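Visitor: Please show me the model and its sequence. Then let us go through it question by question.

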Amino acid sequence: MSRGRAALAGIAAVAVALGVEELAAGLIPSAPSLIISIGDTFIDSVPGWLEQWAIATLGTADKPVLIGGILVVAALLGAALGVLARRWFVLAAGGIALFATLGVVAALADDRSPVFLSALVGVLGAVAGVALLYVLVRVLPSRQLPPEPTTDADGTPVLSPVDRRRFLAVTGSATLLGVLAGVAGYLLSGRERLGELRAAIRLPVPVEQAGPVPPGADLEIPGLTPLFIPNEEFYRIDTALRVPVIDPADWQLEIRGMVDDPFTLTYAELMELPQIEADITLACVSNEVGGDLVGNARWQGVPLRPLLERAGLQEGATQLVGRSVDGFTAGFPVLTALDLEEAMVAVAMNGEPLPAEHGFPARLVVPGLYGYVSATKWLSAIELTDWDVDGYWIPRGWAKEGPIKTQARIDVPRRGAAVVPGRQPIAGVAWAPTRGIEAVEVSIDDGPWQRAELAESLDVDCWRQWYLPWEATPGRHVIAARATDGLGEVQTDERTPVAPDGASGYPVIEVVVDS
């Protein structure tokens, strides 16, 4: 067998091994996906600067790129093992087994992964991969060779054209089956079940409702970001490669740590507590100036303050740490939770139970703080600690505290867009949660700052739309904007990167007006 065909055999063997593992993980309740486990381990192991680069460069595509990278590495490994199997099959088989073992070890790094089921998934995948490699490299060629086979330069038997076609057909079919098995495993991993679980939930009526949107709060200018971002379009940045599948009937929330009376709530008990509704803008610390990693939604949930008062804070409990079912942690000052009535354990978003991607069945929502220190999704515990405990992102180079900076963004016209001459709107959104937006100003071609018209304010915690009529003249123009928050602080022009505590500077775009 030539090196090329051996490499294809190895790729097919690894594809089948991974496909069987994913199918087993989808069919067996609580069994982990080894691909996802390897990805999670990679995320937890890489230096902070690399994570920062990935989020800044790839944005919401970082997870698919990582999974694709793992599959590419697996295919290259399979090709190498296939070539190795021509002479040293036992070593190649051991390589597949070792790869599966690494996946099992990665899965067991998560306390939620059962040891037996993790090992079972790895064994099933390794056995399937080794068996196929043996068939493709040893059994199939021996059955296809003519009575007096020819050989290539290194003495390897050469298949006839008919046998080559048979080999390629078997190899291609096996690879396709592996891919289909992996897709089936993904589909069986519980996403459809999550939809059914969410559909069965009936949200209680909040005791404090956000109220109707006042006239003039949404300017409805074409191209301008809407006041509320639809759930399916809301930005998503987190460390979970696969959304956790959590049955509300099995979910619990622990309130623990430096408290006098720790307690646990079931989902049903949480839903029976008085709930509030609030319009809150969330922002990711990785959002570049003028970026789209920010969104506004109407959230519903249980306020944090009554939960903390029920638990009884001990002296020295200065930090609230949210813990996710996937191991993620984020911490912020306890005073923030006590002072902000809108800080909540959220169970709904824009009038429906939390989407799976945004933390179902419950998450933390805290106005005024970047998500990396506050927005724990798939919440499992609220732990009261002192300030020395660090959340997930702090050892990776991000600031301990993360207040959202006052920001404006230009939505209309789009950066680099061609604009027709005449009266045109310059429009966008501005946000400074907990402080509100009092003014937005626009400068055209380094000219004087002009005050923009503001939409009606919905709440100090959510963004505000703005616009400025502009008489566009032919040529190239540079447009900048800046916001002033409710405390009178003007957005700084100092340009800083997203790390360690959020980007700053004016949003600036360049447009061309047609002649």
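Guide: Contact means heavy atoms within 4.5 Å. This is a predicted model, in which local features need pLDDT of at least 70, side-chain atom pairs count only at pLDDT 80 or more, and totals for chains, interfaces and linings use all residues. Residues are numbered from 1 along each chain as its sequence is written, and side-chain values use heavy atoms, with hydrogens and water left out.

Visitor: Which residues does Ala432 touch, not counting residues up to four places away in sequence?
Guide: Ala432 sits in the loop between β15 and β16. Strands are DSSP runs of E, at least two residues long; helices are runs of H or I, at least four long; both are numbered from the N terminus. With those sequence neighbours left out, Ala432 touches Thr406, Ile437, Val460 and Asp485.

Visitor: Why does Ala432 count as buried?
Guide: Buried means under 20% relative accessible area, exposed means over 50%, and partly exposed lies in between (1.4 Å probe, protein chains only). Ala432 is buried because its relative accessible area is 1%.

Visitor: What distance separates the C-alpha atoms of Ala432 and Gly486?
Guide: Along the chain, these two residues are 54 residues apart. In space, their C-alpha atoms are separated by 8.1 Å.

Visitor: Is Glu22 buried or exposed?
Guide: Glu22 belongs to helix α1, residues 3–27. Its relative accessibility is 6%, so Glu22 counts as buried.

Visitor: With which side chain does the side chain of Glu22 make a polar contact?
Guide: A polar contact is a pair of N or O atoms within 3.5 Å; within protein, one must be able to donate a hydrogen and the other to accept it, and residues adjacent in sequence count only if both atoms are side-chain atoms. Leaving aside neighbours within four places in sequence, the contacts of Glu22 include Ser33, Leu34 and Ile35. The polar contact, at 3.2 Å, joins the side chain of Glu22 to that of Arg242.

Visitor: How far does helix α2 reach from its first C-alpha to its last?
Guide: Helix α2 covers residues 34–45, twelve in number. The expected span of a helix is 1.5 Å times one less than its number of residues. Here 16 Å is expected, and the span in the model is close to that, at 16 Å.

Visitor: Which residues of α2 are buried?
Guide: An α-helix has 3.6 residues a turn, so residues three or four places apart point the same way. In α2, the buried residues are Leu34, Ile35, Ile36, Ser37, Gly39 and Ile43.

Visitor: Which element gives the most to the lining of the largest pocket?
Guide: On a 1 Å grid over the protein atoms alone, a pocket is an open set of points with protein on both sides within 12 Å along at least five of seven lines; a cavity is a set where a 1.4 Å probe fits but cannot get out; lining residues have an atom within 4 Å of a point. The largest pocket holds about 1,400 Å³, and of its 45 lining residues, Asp110, Arg112, Pro244, Val245 and Val325 are closest to its centre. Five lining residues come from the element that gives the most, α2.

Visitor: What is the volume of the second largest pocket?
Guide: Its lining has 36 residues, with Ile36, Pro64, Ile67, Tyr186 and Arg242 nearest the centre. Grid points are joined across faces, edges and corners, and a volume is the space filled by probe spheres set on the points. For the second largest pocket, that volume is about 890 Å³.

Visitor: How many cavities of 30 Å³ or more does the structure hold?
Guide: The largest cavity has about 360 Å³ of space. Counting cavities of 30 Å³ or more, the structure holds five.

Visitor: Which residue does a cis peptide bond join to Val412?
Guide: Most residues other than glycine have a negative phi, and most peptide bonds are trans. The cis bond after Val412 has an omega of about -5 degrees. The partner lies in the loop between β13 (407–412) and β14 (418–419), and is Pro413.

Visitor: What is the phi of Glu220?
Guide: Glu220 lies in the loop between α8 (191–199) and β3 (252–257). At 66% relative accessibility, Glu220 counts as exposed. Although Glu220 is not a glycine, its phi is positive, at about 55 degrees.
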